[in-house]
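Biologist: Could you take a close look at the empty spaces inside this protein and at the aromatic rings packed within it? I would like one connected account that a first-year student can follow.

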Amino acid sequence: MRILLLCHGLPPDSVGGVEQHVDGLAKALVRLGHDVELYAREGTPGTAQGTLRLAAEGNPRTTRATYRWEGVHDLPAMYAAEPMAAALRDFLAARRAAGCTFDVAHVHHLTGMSVDSLDVLAAAAVPTVLTLHDYWLFCPRGQMFHADEEACATATVERCTGCLARTFPWWIDAANGPAKVAALHERARRALALPQHLVVPSARALPPFLALGVPAERFTVVENGVDVDGLLDLPDAPAGPGPLRVGYFGTVMPSKGLHVLLAAVAKLPPGTVHLAIHGNVVPYHGDQSYATRCFQGLRPGDDVHYHGPYGLGDLRARLAEVDVLAAPALWQEAFGLTVREGLAAGRPVLVSRIGGLQDAVVDGEQGLVLPPGDVDAWATALGRLAADRREVHRLGRTARQRARGFEAMARDLLAVYADARRTGTARQP
């Protein structure tokens with residue numbers, strides 16, 4: 001098949017979990033004998049928004065479109081990204097003129113890509129698959145993580161109004177909020193009605209979409225893959241002695257729960273745990289205080305080290321320096337890329353019993369599944385593993401059995417693509 005993959009960014013300039021996922025999927029599809037084109041946003045300065053640039057020839061072929069969120073004055077404009085809908089329309093017309101017809105388009109994230117891109121694909125009669133990596137289509141915060149720093153089970157107009165009025169006070173208030181939130185939800189429902197298939201990486205991501213009114217039969221669950229080839233041969237972590245080396249991999253933001261992990265480590269006697277933190281520190285919807293809140297409680301001598309952001313090429317070396325991974329997330333995370341990378345590297349993982357993270361392991365077999373936000377439970381688990389390195393080694397030996405590569409994921413998606421192609425023109429709302 002000739003497959004078009006669309007994403008809000010791509011490595012090397014954008015290396016988030018979704019971007020890595022799309023990059024790995026593209027390469028796997030090529031290895032399986034398919035023709036792949038990538039279409040992604042870039043923020044090139046000094047270039048008119050919507051400008052198309054051929055970034056790479058060959059297979060996969062890559063085109064990038066410029067968008068920098070300029071001229072965005074309200075929340076609906078963040079979803080519209082008008083120059084990008086026009087850019088995609090021009091791209092499809094140019095490829096069609098060059099004799100290229102896509103069998104399927106697989107859309108991965110529409111931040112800065114325009115939700116109206118789904119209408120463009122439908123008008124061009126390109127069968128479409130949409131993977132929902134998070135909840136951004138109806139939750140502008142993306143993670144269904146309330147401004148009160150607690151997870152949301154569903155998105156109701158009343159609850160969303162209160163949260164968004166605090167997050168985006170320049171756009172919404174208590175008076176106009178319900179109507180604006182209702183319109184936002186309706187736009188999401190309309191967008192979700194357009195693709196032939198909706199894909200989620202875990203069935204645990206479904207309830208908020210079902211509560212929004214999207215029929216369950218629209219969805220297919222396809223678990224994501226990771227770059228297992230670069231990690232499967234990583235040597236096992238040593239059995240000790242010394243503190244248990246715990247790794248946190250991910251953005252430093254409230255929904256990821258780093259503060260819970262830090263509080264758990266602080267409950268343990270000195271020398272029990274060495275905590276290494278790897279990831280970006282970014283403002284969380286305008287709040288720049290979280291990292292300060294996390295680190296200001298550290299005491300002299302605490303064995304906690306922040307190593308900063310890391311690129312794809314750094315991951316193997318950084319995983320080699322930890323015994324276990326900890327993912328203390330507080331939001332309904334749809335998948336959890338770094339957890340699966342840890343498993344591929346033969347590292348046991350400690351995960352929150354929330355969202356798709358808990359699907360990564362069988363509790364007690366490849367790691368431990370713990371109550372989200374329960375500092376005492378996390379401290380007990382860390383202390384237990386620090387005291388029993390044979391248990392750490394046992395969990396690590398079985399961890400790789402849960403690892404899933406990009407090609408296995410690609411084969412499952414190809415079945416979805418084939419069905420979308422059979423269905424024909426994209427579904428109309």
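Modeller: What follows goes from an open pocket to the enclosed cavities, then to one histidine and finally to the aromatic rings. Please keep in mind throughout that this is a predicted model.

Rolling a probe the size of a water molecule over the atoms shows where empty space is left. The second largest pocket holds about 460 Å³ of space, and 23 residues line it. Of these lining residues, Val226, Asp227, Val228, Leu312 and Phe406 lie nearest the centre of the pocket. Several helices contribute to this lining, since at least two residues each are supplied by helix H1 (17-31), helix H10 (315-320), helix H11 (337-344) and helix H14 (406-423). The largest share comes from H1, which gives six residues. In chemical character the lining of the second largest pocket is mixed, with nine nonpolar, six polar and eight charged residues.

The enclosed spaces come next, and there are four cavities of 30 Å³ or more. The largest cavity has a volume of about 110 Å³, and among the 15 residues that line it, Cys139, Met144, Cys152, Cys160 and Cys163 lie nearest its centre. The lining of the largest cavity divides into 10 nonpolar, three polar and two charged residues. The second largest cavity has a volume of about 80 Å³, and the residues around it include His108, His109, Leu110, Leu130, Thr131 and Leu132, together with His133, Asp134, Trp136 and Leu137. By class, the lining of the second largest cavity has five nonpolar, four polar and one charged residues.

Leu130, which belongs to the lining of that second largest cavity, is also one of the residues that His197 touches. His197 is placed in strand E7 (residues 197-200), and because its relative accessibility is 13%, where buried means under 20%, His197 counts as buried. Leaving aside residues up to four places away in sequence, His197 touches Thr128, Val129, Leu130, Arg218, Thr220, Val416, Asp419 and Ala420. With Asp419 there is also a polar contact, in which the two side chains are joined at 2.6 Å.

The last part of the picture is aromatic. A pair of aromatic rings is described by the distance of the centres and the angle of the planes. The structure holds 12 aromatic pairs. In one of them, the rings of Tyr135 and Trp331 have centres 6.4 Å apart and planes at 90 degrees, so the pair is edge-to-face. Tyr135 lies in the loop between strand E6 (128-131) and helix H5 (157-167), while Trp331 lies in the loop between strand E12 (324-327) and H11, so this pair ties together parts that are 196 residues apart in sequence. Both Tyr135 and Trp331 are buried. The rings of Phe209 and Phe219 have their centres 5.9 Å apart and their planes at 50 degrees, so that pair is tilted. Phe209 is found in helix H7 (residues 206-211) and Phe219 in strand E8 (residues 219-221), and the two are 10 residues apart. Phe209 and Phe219 are likewise buried. These four residues also belong together, for Tyr135, Phe138, Phe209, Phe219 and Trp331 form one aromatic cluster.

Key
Residues numbered from 1 in each chain as written. Predicted model: local features only at pLDDT ≥ 70, side-chain atom pairs only at ≥ 80, totals over all residues. Heavy atoms only, no water. 1 Å grid on protein atoms, 1.4 Å probe; cavity = no way out; pocket = protein on both sides within 12 Å on 5 of 7 lines; lining within 4 Å. Points joined across faces, edges and corners; volume = space filled by probe spheres on them. Helix = DSSP H or I, 4+ residues; strand = E, 2+ residues; numbered from the N terminus. Nonpolar A, V, L, I, M, F, W, Y, C, P; charged D, E, K, R; others polar. Buried < 20%, exposed > 50% of the residue type's maximum accessible area, 1.4 Å probe, protein only. Polar contact = N/O pair within 3.5 Å; in protein donor to acceptor, adjacent residues only side chain to side chain. Contact = heavy atoms within 4.5 Å. Phe/Tyr/Trp six-rings, centres within 6.5 Å; stacked < 30°, edge-to-face > 60°.
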